[in-house]
Amino acid sequence: MRIIIIGAGPGGYETAAEAAAHGIEVVIVSDGPLGGTCLNEGCIPTKAMCAMDAPDQERKREVITQLQGGIAQLMRNKLITLVQGRARLRDSRSVEVDGTVYEGDAVIIATGSVSASLPIPGADQAIDSAAMLGLAEVPQRLCVIGGGVIGLEFASIYRKFGSEVTVLEFCPNVLPRFDVDLAKRLKASLAKRGIVIETSARVTAIEGNKVLWTKNDKPFETEADCILMAVGRRPNLASLNLDDLGIQYSPRGIAVDGNMQTNVPGVYAIGDITGGMMLAHVASAQGRRALNHILGEKDVIDFSVVPAAVFTVPEAACVGKTEEECEGMEISVGKANYRANGKAVASGEADGWCKVISDKASGRILGVHILGAHASDIIHEAAVLVALGVTAKNARYIIHAHPTLSEVLLAAIAAAV
Ligand code: FAD
Ligand code: NAD
C-alpha cells in the first residue's frame with residue numbers, strides 16, 4: 001500500500017513515520033521546511049523565546065535546526081519519499097508536484113493554516129506571529145490585537161523582554177473559548193505583571209503607529225512601535241484543486257467525517273486544514289485516526305479529551321469541560337490555590353490556582369483548569385483522570401509525592417468530592 005501526504009507539519013510528518021512503521025509506502029510533499037508551522041513559526045520558536053530573557057535569534061535557529069534534524073532522520077526511511085514542492089490534487093488517488101505525478105491508494109491533506117487578519121484600514125501595518133518571531137529588537141511599545149492564545153503568549157514574552165504591552169481583545173474575556181474563571185484570573189495575573197489588557201475592545205483602523213479602537217461606543221487610540229495581529233488562523237486551502245475533485249470545504253476548513261475522511265472516499269484531511277482545534281497534538285492524533293481507518297484498525301483515540309496549554313507567565317492549561325459547558329448539569333466545583341502548596345511557596349511560584357469540576361451524580365471528574373507554574377505538565381494527570389472517567393472520590397486517595405505542584409490538583413480534587 002502507498003499513501004500520499006501533502007504537508008510536513010506535525011500532522012503530515014508524524015503520520016508519515018507512523019505509516020512507515022506499519023509497512024506502508026509514503027510519499028510526503030512539502031513546500032516549506034520540515035516541521036511546518038509548529039516547528040518553524042509556531043509552538044517551538046515561541047517556547048524557545050519563553051525561555052529567554054532577551055530575543056536571541058541564534059538560539060531560536062539552533063533549537064529549530066536541532067529538531068529539524070530529528071524529523072529529517074525520521075523521514076530517512078526506505079519506505080518514505082520526501083518531495084519538496086507544492087502539491088496539487090489531480091484526482092482522489094494522485095497528486096502533481098511540478099509536473100511529476102505521484103499515485104497512491106489514499107491521499108492525506110495536512111496543509112495547515114495561515115495567519116488571519118482584520119478587514120480594517122491600515123491592517124497591513126500590523127505584523128503576524130511569524131514576523132514577530134523574527135524581530136531582532138525589542139519594541140518599546142507593543143500593541144497586540146487579539147487576546148487569544150498567540151496574543152497572550154507574545155504579550156507575556158515581550159513584557160518579560162521589557163516592552164510596554166497593550167492587548168486589545170474584542171470579546172468580554174481573553175481566551176474566549178476557555179473557562180471564564182480561568183480567563184479572568186489569567187487576565188488579572190498578566191495585569192499584575194504590567195500588561196494592559198482591554199476587553200470588549202473593537203479595533204477599527206490602524207493609522208501610522210496608532211491603533212484606533214472603540215469600547216462601549218467611545219473612541220480610543222493606542223500608540224505603538226510594533227503592532228501584532230493575532231486574531232486567529234485560517235486553513236491553508238490555496239492551490240489544492242479541491243473544487244475540481246468536488247471535495248467539500250468552507251473558509252473554515254475542509255469538511256471531514258469522524259475518520260478524517262472527506263466526502264471523496266480515499267481523500268483524508270487532518271490538522272489545521274480541517275479548521276477544528278488548531279493544535280499540533282490534535283493534528284498528529286487526527287493523522288493516526290486517518291491511518292487507522294486506511295488500515296482498517298480499531299481506533300480508541302478520544303477527541304473529547306484534549307489537553308491544551310497557554311505558555312504565558314503564569315501558564316494556563318485545561319482539559320475536559322469548562323464550567324460554562326456544564327450549564328444545566330449538577331456539578332461540584334473544587335478549587336485550590338498555589339499559595340497553600342509547599343513546593344509553590346518554596347520555589348517562589350505561589351501565583352496560581354486549580355479548579356476541578358465533577359459530575360454530582362456519577363462523581364466523575366469532567367474538567368480541570370489550572371493557572372500557575374508548570375500547569376502545562378500537571379494537566380496530563382488530569383487528562384488521564386478525565387479520559388478514564390475516574391471519580392473525585394477515588395482520585396483524592398491517589399498518593400502524591402510531597403512537596404510537589406501536583407498536590408494542588410489533589411487538593412482541588414478533594415474539594416470537588
Ligand atoms: P502545519 O504545521 O501548518 O504544516 C503544514 C505544512 O504544509 C507546511 O509545512 C506547509 O509548507 C505545507 N503545505 C501547505 N500547502 C502545501 C501544498 N499545496 N503542497 C505542499 N506542501 C504544502 N500548537 C500547539 O499545540 N502548541 C503550541 O504551543 C502552539 N503554539 C503556536 C504558536 C504560534 C505562533 C502558532 C502560529 C501556532 C501554534 N500552535 C501551537 C499551532 C500549531 O502550530 C498548529 O496547530 C500545527 O502546526 C498544525 O499542524 P499541521 O500539520 O496541520 O500544519
Ligand atoms: P485565537 O482564536 O486563540 O484568538 C484570537 C483572538 O482574537 C480571540 O480572542 C478573538 O476574540 C480575538 N479577535 C478577533 N477579532 C478581533 C478584533 N476585531 N479585535 C480584537 N480582537 C479580536 O487565535 P490565535 O491566538 O491567533 O491562535 C490561532 C491558533 O493557534 C489557535 O487556534 C490556537 O489553538 C493555536 N495556538 C496554540 C497555542 C498553544 O497551544 N499554546 C499557541 C499559539 C497558537
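The following conversation concerns a predicted model and its ligands, pockets and local backbone features.

Reader: Let us start with ligand 1. How many residues surround it, and which are the closest?

Author: This is a predicted model, and in it 37 residues surround ligand 1. The closest are Asp31, Thr37, Lys47, Ala87 and Asp272.

Reader: Which atom of ligand 1 lies 2.5 Å from Asp31?

Author: An oxygen atom of the ligand lies at that distance from a polar side-chain atom of Asp31. The side chain of Asp272 also takes part, with an N or O atom 2.8 Å from an oxygen atom of ligand 1.

Reader: And Cys38, is the contact through backbone or side chain?

Author: Through the backbone: an N or O atom of the Cys38 main chain is 3.3 Å from an oxygen atom of ligand 1.

Reader: Now ligand 2. Which residues come nearest?

Author: Ile150, Glu153, Glu169, Gly232 and Ala309 come nearest, out of 22 residues around ligand 2.

Reader: What polar contacts does an oxygen atom of ligand 2 make with Ile150 and Gly232?

Author: Both involve the backbone. A polar backbone atom of Ile150 is 2.8 Å from an oxygen atom of ligand 2, and a polar backbone atom of Gly232 is 2.9 Å from an oxygen atom of the ligand. Arg177 contributes through its side chain, where an N or O atom is 3.1 Å from an oxygen atom of ligand 2.

Reader: Ile150 sounds like part of a helix. Which residues does H6 cover, and what is its reach?

Author: Helix H6 runs over residues 149-161, which is 13 residues. From first C-alpha to last, H6 reaches 18 Å, close to the 18 Å expected at 1.5 Å a residue.

Reader: Which residues of H6 are buried?

Author: They are Gly151, Leu152, Glu153, Phe154, Ala155, Ser156, Ile157, Tyr158 and Phe161. Glu153 is also among the residues that come nearest to ligand 2.

Reader: What follows H6?

Author: Gly162 follows, and its phi is positive, near 110°.

Reader: Moving on to empty space. What is the volume of the second largest pocket?

Author: Its volume is about 260 Å³. There are 17 lining residues, and Cys50, Phe311, Thr312, Val313 and Glu315 are the closest to the centre of the pocket.

Reader: Which elements give two or more residues to that lining?

Author: Helix H3 (43-50), H6 and helix H11 (375-387) do so. H6 supplies the largest share, four residues. By class, the lining of this pocket has seven nonpolar, four polar and six charged residues.

Reader: How many cavities of 30 Å³ or more does the structure hold?

Author: It holds one. The largest cavity contains about 40 Å³ of space. Its lining consists of Ser115, Ala116, Ser129, Ile150, Met229, Ala230, Val231, Gly232 and Arg233, which divide into five nonpolar, three polar and one charged. Ile150 and Gly232 thus appear in the cavity lining as well as among the residues nearest to ligand 2.

Reader: Back to Val313. What kind of peptide bond joins it to Pro314?

Author: A cis peptide bond, with omega about 0°. Pro314 sits in the loop between strand S20 (308-310) and strand S21 (316-320). Another cis peptide bond links His402 and Pro403, where omega is about -5°. Pro403 belongs to the loop between helix H12 (392-395) and helix H13 (406-415).

Reader: Where should I look for a positive phi in a residue other than glycine?

Author: Ser200 is one of these, with phi near 50°, in the loop between strand S11 (196-198) and strand S12 (202-207). Asn241 is another, with phi near 75°, in the loop between strand S16 (233-235) and H8. Most residues other than glycine have a negative phi.

Reader: Why is Asn241 classed as buried?

Author: Asn241 is buried because its relative accessible area is 15%, and the cut-off for buried is under 20%. Ser200, at 32%, is partly exposed.

Reader: And Asp244, buried or exposed?

Author: Asp244 is exposed, since its relative accessible area is 63% and exposed means over 50%. Asp244 lies in helix H8 (residues 242-245). Its C-alpha is 8.3 Å from that of Asp91, although 153 residues separate the two in sequence.

Reader: Lastly, what does the side chain of Thr274 reach?

Author: It reaches the backbone oxygen of Gly271, at 2.6 Å. Thr274 is located in the loop between strand S19 (267-269) and helix H9 (280-295), and it is buried, with a relative accessible area of 15%.

Definitions and conventions: Residues numbered from 1 in each chain as written. Chains lettered and ligands numbered in written order. Predicted model: local features only at pLDDT ≥ 70, side-chain atom pairs only at ≥ 80, totals over all residues. Heavy atoms only, no water. Expected span 1.5 Å × (residues − 1). Buried < 20%, exposed > 50% of the residue type's maximum accessible area, 1.4 Å probe, protein only. 1 Å grid on protein atoms, 1.4 Å probe; cavity = no way out; pocket = protein on both sides within 12 Å on 5 of 7 lines; lining within 4 Å. Points joined across faces, edges and corners; volume = space filled by probe spheres on them. Nonpolar A, V, L, I, M, F, W, Y, C, P; charged D, E, K, R; others polar. Near = heavy atom within 4 Å. Polar contact = N/O pair within 3.5 Å; in protein donor to acceptor, adjacent residues only side chain to side chain.
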